[in-house]
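Reader: I am new to this structure and would like to study a single part of it with some care. Could you take me through one strand and then show me what surrounds it?

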Amino acid sequence: NQNLVESQVGELSLHAFAIAGSAQGENSASSSFSVGVVVNGAVVVTDLKIDTQATVTTNSLINEGDSVSESTSMVEILAINQLTVSTDAGGASVSESVSLTGTSVDIAVGGADNSFNSSNQTSATIADNSAVVAESLDVVASHSPEIDNVAFGVAVSVAVSTGMFGAAIGFSGAFLQSDQSDSIAAGVSDSDVMIGESINVQADDQSTMKTGSGAGSLQVAYGSGGSVSLAPSAVTNKVTVGNVVLAWIGQQPQLGGSLIDTGVTADGSSISAGGVIKVAATGDQTITNTAIAVAVSVAIAPDFASAAGAGAGASSTVTTNNIIKAAVNGVADLTVGGTSGLSVLGTDSGSVDIIVGTAAASIGWFGASIGISLAEIVNNDQVVAEVQNSIIQTGETSTSGMPIEIIAEDRVQLTTKAVATSLSISIGASGAGGKSNITSNANVAASFGDCLLYTSDAADE
């Protein structure tokens, strides 16, 4: 026997795509001046709001009148988010200019801006004076979207003058901003729940976010009387994840204010289980970010008459502001039978990985090149497991202990890699620098406060 309330976003896929690109050529056999200009850019803006809810509410009754000891029903309240979201923005420009007798100038600009915002909600709840009788109960909010954001820019120009001066100038850039502020909630409030075996209330965030941007600039100039080539390339990534993951029995955990909930009031719920009661909030995100910038400048001319400059810069910052709370708050009557006990778990796991790379090269009689890479992770997560202002009866005896565990844990893996290279084949200079930084400001707390706890043998007395 099974009673199932389920709300699910399954294999739904969303794809936003914008690519701008063009190529042009300008050739002159007798003109004193030849110029080519190409500019391309693409912008993608995505604002995602999808609610996935499974709820038993407003005086709902499941298996009313059944005996707890004889019930074989498995009640499952499941909310599942399995979205696949992909956004891509790219701009590419290719320009060529040739003059046999005059000056040749070529300019190419390619860039992209990808902005993504997610504020989805996934929730599974029993609330508002509802009643459930069953052998087992699962209230689960599972949030596992796959998010892929990409931005790229390409600029290529070639300027050739066999009679005078040649100049090639190009800029490529890619700018990406991804913000995720989703809510994942599983809870039982203001309800009567009588279960023969186990109760499992679980909120699980398994978001996967892959973000990356790249830019490449190649500029080549030749002039019989002199040449100049400039190739800058820049990439900026900013990713912010601030999801809220809550699992509770009784009063919903508070947001804002103190880390541990204060001023918890009576919820009115009555909860009993013959086996274990587990309340778990888990943040298990996987975040990867890549930023690559490449710039190559070539200037060719006789007799020390060429100059080339190349610059590549890439920076990436990932900030996490997640709130993860598991709580039993304000429950006036919570009974755990047998020796299984009560388990309240708040866990922050998963990983954040950043790779930033730059390469710059210049070739000419005179030249300079520089490559700069910056990578930073800031972890501001909050992780709490708490039992506050509740009355709890366990099935254990006073002589062998009380099986209650309250565990809050932060074990996120944070990794950054920054690589910068620079090469100048010229009379000039080259330089490269990289900086990698990780800051963890995580707050973790486990609390048991303002509760009345007694064992079954004490209750019998």
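Which residue in E26 does Ala-327 stand opposite?

Author: In this predicted model, the residue that Ala-327 stands opposite in E26 is Glu-386. That pair belongs to a longer run of pairing, for strand E23, which covers residues 323–329, and strand E26, which covers residues 382–388, run parallel and are joined by 7 bridges.

The two strands are part of an open sheet of 7 strands, whose order is E4-E9-E14-E19-E23-E26-E30 and whose pairing is parallel. At its edges stand strand E4 (51–56) and strand E30 (443–449), each of which pairs on one side only. Averaged over the sheet and with direction ignored, neighbouring strands are turned by 0 degrees against each other. As a general point, strands of a sheet pair through backbone hydrogen bonds, and they may do so in a parallel or an antiparallel way.

Strand E23 also takes part in a link made by side chains, since Lys-325 lies in this strand. The side chain of Lys-325 meets that of Asp-261 in a salt bridge, with 3.0 Å from N to O. Asp-261 is located in the loop between strand E19 (244–250) and strand E20 (270–273), and the pair therefore ties together parts that are 64 residues apart in sequence. Both partners fall under the 20% limit for a buried residue: Asp-261 has a relative accessibility of 3% and so counts as buried, and Lys-325, at 2%, counts as buried too.

The count of salt bridges comes to 2, and the other pair gives a useful contrast in its surroundings. Here the side chains of Arg-411 and Glu-409 meet, with 3.4 Å from N to O. Arg-411 is partly exposed at 47% relative accessibility, and Glu-409 is likewise partly exposed, with a relative accessible area of 33%.

Strand E20, which helps to bound the loop of Asp-261, leads on to a second open sheet, in which 7 strands follow the order E5-E10-E15-E20-E24-E27-E31 with parallel pairing. Strand E5 (61–62) and strand E31 (452–455) stand at its edges with a single partner strand each, so that one side of each has no neighbour in the sheet. Within this sheet, strand E10 (residues 131–134) and strand E15 (residues 192–195) run parallel and are joined by 4 bridges, and Val-132 has Val-193 in E15 as its bridge partner.

Val-193 appears again among the contacts of Ile-199, which, with neighbours within four places in sequence left aside, also include Leu-137, Ile-271, Ser-272 and Ala-273. Ile-199 itself lies in strand E16, which spans residues 199–205, and it is buried, with a relative accessible area of 2%.

Parallel pairing is found in another region as well, where E3 and strand E8 (residues 103–118) run parallel and are joined by 16 bridges, one of the pairs being Thr-46 with Phe-116 in E8. E8 is joined in turn to strand E13 (residues 165–180), again running parallel, by 15 bridges, and there Asp-106 has Ala-168 as its bridge partner in E13. Strand E3 covers residues 33–48 and holds Val-37, which, together with Phe-33, Val-35 and Val-39, makes a nonpolar surface patch of about 360 Å².

How values were computed: Residues numbered from 1 in each chain as written. Predicted model: local features only at pLDDT ≥ 70, side-chain atom pairs only at ≥ 80, totals over all residues. Heavy atoms only, no water. Pairing = 2+ DSSP bridges. Patch = residues over 30% accessible without salt bridge, like charges linked within 9 Å, V, L, I, M, F, W, Y side chains within 5 Å. Areas by Shrake-Rupley, 256 points an atom, 1.4 Å probe, with all protein chains shown as cover. Salt bridge = Lys/Arg side-chain N within 4 Å of Asp/Glu carboxyl O. Axes fitted to C-alpha atoms, helices over the stretch in contact; angles between N-to-C directions. Buried < 20%, exposed > 50% of the residue type's maximum accessible area, 1.4 Å probe, protein only. Contact = heavy atoms within 4.5 Å.
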